[in-house]
Amino acid sequence: MRGAIMNKVFIIDGDKFSNFKGFCKEFSDIVLSGKYKWRGNLDAFNDILFGGFGDIENEEQFTIIWRNSAKSKVDLGYSETIVRLKEILKNCHHSNEEKVIQEIKDAKMNNGPTIFDLIEEIILDKENVTLILE
């Protein structure tokens, strides 16, 4: 830990949601302090983690504690991943349709990353964010 400065801590509770839309709301309420509404775009999620939204300054160090993360890993598993991919398919550019259809096929076979995996990977990739799964 650096000096006596404690970084901000945000607690996400997996007991407060059971699907991706619920996670988006919980993240918006907690990490974005209700000042912004994140609607689930993972590129936007990546950008948000750099800071400048809610009460997080640009590149500010902060910690996300994800309570009941084992429940979230199930809730944001392959079934919910398929739901999200089908939503993406409805709105994606036709040049991406084949890729998304393949991702849906993979998810139906329990292959490839789940939404939980993608969220975790994006967070872990940020040098300014510490993730603690509980």
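Is Cys24 buried or exposed? With a relative accessibility of 6%, Cys24 counts as buried, where buried stands for under 20% relative accessible area, exposed for over 50%, and partly exposed for what lies in between (1.4 Å probe, protein chains only).

The model is predicted, so that local features need pLDDT of at least 70 and side-chain atom pairs count only at pLDDT 80 or more, while totals for chains, interfaces and linings use all residues. Residues are numbered from 1 along each chain as its sequence is written, and side-chain values use heavy atoms, with hydrogens and water left out.

## Overall architecture

The protein contains six helices and three strands, which follow one another from the N terminus in the order β-α-α-β-α-α-α-α-β. The radius of gyration is 16 Å, close to the 14 Å that the globule rule gives for 134 residues, so the protein is as compact as a globular protein of that length. Helices (H or I, at least four residues) and strands (E, at least two) are DSSP runs, numbered from the N terminus. The radius of gyration is taken over C-alpha atoms, and the globule rule is 2.2 Å times the number of residues to the power 0.38. Along the principal axes, the C-alpha atoms fill a box of roughly 50 × 30 × 25 Å.

Of the 134 residues, 40% count as buried. Among the contacts with a separation of 6 or more, 62% come from residues 24 or more positions apart; a contact means heavy atoms within 4.5 Å.

## Surface and charge

The accessible surface of the protein is about 8200 Å², and carbon and sulfur atoms hold 51% of that area. Accessible areas come from the Shrake-Rupley method with a 1.4 Å probe, and for residues only the protein chains shown count as cover.

The protein has 18 positive and 23 negative charges, whose mean positions are 5 Å apart. Lys and Arg count as positive and Asp and Glu as negative, whereas His and the chain ends are not counted. The place of a charge is NZ of Lys, CZ of Arg, CG of Asp or CD of Glu.

## Cysteines

The structure holds zero disulfides, a disulfide being a pair of cysteine sulfur atoms within 2.5 Å. For Cys24, the nearest cysteine sulfur is that of Cys92, 18 Å away. Cys92 also counts as buried, at 17% relative accessibility.

## Selected residues

The table lists the location and accessibility of some residues.

| Residue | Location | Relative accessibility |
|---|---|---|
| Asp13 | strand β1 (residues 8-13) | 18%, buried |
| Ser28 | helix α1 | 3%, buried |
| Ser33 | loop between α1 (20-30) and α2 (42-49) | 27%, partly exposed |
| Glu59 | loop between α2 and β2 (62-67) | 61%, exposed |
| Lys73 | helix α3 (residues 69-75) | 43%, partly exposed |
| Glu134 | segment after β3 (129-133) | 48%, partly exposed |

Two of the loop residues carry a positive phi. Ser33 has a phi of about 55° although it is not a glycine, and Glu59, which is not a glycine either, has a phi of about 60°.

The contacts given below leave aside residues up to four places away in sequence. Asp13 is in contact with Glu26, Arg67 and Asn68. The C-alpha atoms of Asp13 and Ile30 are 9.6 Å apart in space, with their positions 17 residues apart in sequence. Ser28 touches Ser33, Gly34, Tyr36, Lys37 and Trp38. Between Ser28 and Gly40, 12 residues apart along the chain, the C-alpha separation is 9.9 Å.

Lys73 touches Phe116 and Asp117. Its C-alpha atom is 8.9 Å from that of Gly14, although Lys73 and Gly14 are 59 residues apart along the chain.

At the C-terminal side, Glu134 follows strand β3. Its contacts are with Ile65, Trp66, Arg67, Asn68, Ser69 and Ala70. Glu134 and Cys92, by contrast, are 42 residues apart in sequence and 35 Å apart in space, C-alpha to C-alpha.
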